[in-house]
Amino acid sequence: MDLAMIQNRINKVNGTKVMLDFDLATLYEVETRVLNQAMKRNKDSFPDDFMFRLSKEEWEEISSSQIVMMSSQSVMTSKRPKSALPYVFTEHVVTMLASVLKSDKARKMNIAIVRAFIALRRTMLNIETLQSQIKDLETKFDSQFYDIFEAIQFLMIENKEIATHYERNKIGYKK
């Protein structure tokens with residue numbers, strides 16, 4: 001599975017990048033209930049700050065966005081009661097899933113998911129760097145454009161005074 005496909009399954013909840021339980025289950029090729037049972041059996045490996053159940057509002061926001069892929073939605077509806085809210089897992093807990101699921105596929109997928117989070121973080125850092133550089137350019141050129149604008153205004157005022165003076169002298173008007 002390529003990184004972009006995994007990255008498309010990474011959502012943001014309250015400023016934290018997370019993956020939905022049914023997306024992880026799809027990636028690990030297990031049923032969502034199996035993933036969640038493994039997590040519940042090993043609760044001490046999954047602290048609350050690494051995984052949590054979405055609130056109804058958070059779930060509605062994610063499910064209505066374009067981030068959730070259609071295949072994930074079909075997994076969710078076929079494997080989860082409509083009233084059950086999904087769990088989300090931070091990138092930190094993803095590494096724990098491979099040890100809990102204990103399969104060759106889980107270990108390989110774990111590596112791919114970690115790489116996807118790393119690539120996403122690098123992309124975000126590049127975007128932040130570009131935004132900073134653009135802001136620096138705006139600041140630098142803003143002052144230059146301000147100086148140019150002032151010079152143009154000064155020239156327009158000077159030209160207006162010169163033109164007025166010329167017009168007065170042309171028609172014989174003298175002070």
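In helix α2, the buried residues are D21, F22, D23, L24, A25, L27 and Y28, and in this predicted model the helix, which spans residues 21-28, is thus described as mostly covered, with 7 of its 8 residues buried. Beyond α2, the structure holds an open sheet of 4 strands, across which helices α3 and α4 lie.

**The end of helix α2**
- The residue that follows α2 is E29, and its phi is positive, with a value near 55°.

**The sheet**
- The 4 strands of the open sheet come in the order β1-β2-β4-β3, and their pairing is antiparallel.
- At the edges stand β1, made of residues 10-13, and β3, made of residues 51-53, each of which pairs on one side only.
- From one strand to the next, the twist averages 40°.
- In general, the strands of a sheet pair through backbone hydrogen bonds, in either a parallel or an antiparallel way.

**The pairing of β3 with β4**
- Strand β4, which covers residues 87-90, is joined to β3 by 3 bridges, and the two strands run antiparallel.
- Opposite R53 stands Y87, a residue of β4.

**Helices lying across the sheet strands**
- Helix α3, formed by residues 32-41, lies across β3 and β4, and the helix runs at about 65° to β4.
- Helix α4, formed by residues 56-64, lies across β1, β2 (residues 16-20) and β3, and its direction is at about 140° to β1.
- Strand β3 is thus named among the strands crossed by α3 and also among those crossed by α4.

Conventions. Residues are numbered from 1 along each chain as its sequence is written. This is a predicted model: local features need pLDDT of at least 70, side-chain atom pairs count only at pLDDT 80 or more; totals for chains, interfaces and linings use all residues. Side-chain values use heavy atoms; hydrogens and water are left out. Two strands pair if DSSP finds at least two bridges between them. Axes are lines fitted to C-alpha atoms, for helices over the stretch in contact, and angles run from 0 to 180 degrees between N-to-C directions. Contact means heavy atoms within 4.5 Å. Buried means under 20% relative accessible area, exposed over 50%, partly exposed in between (1.4 Å probe, protein chains only).
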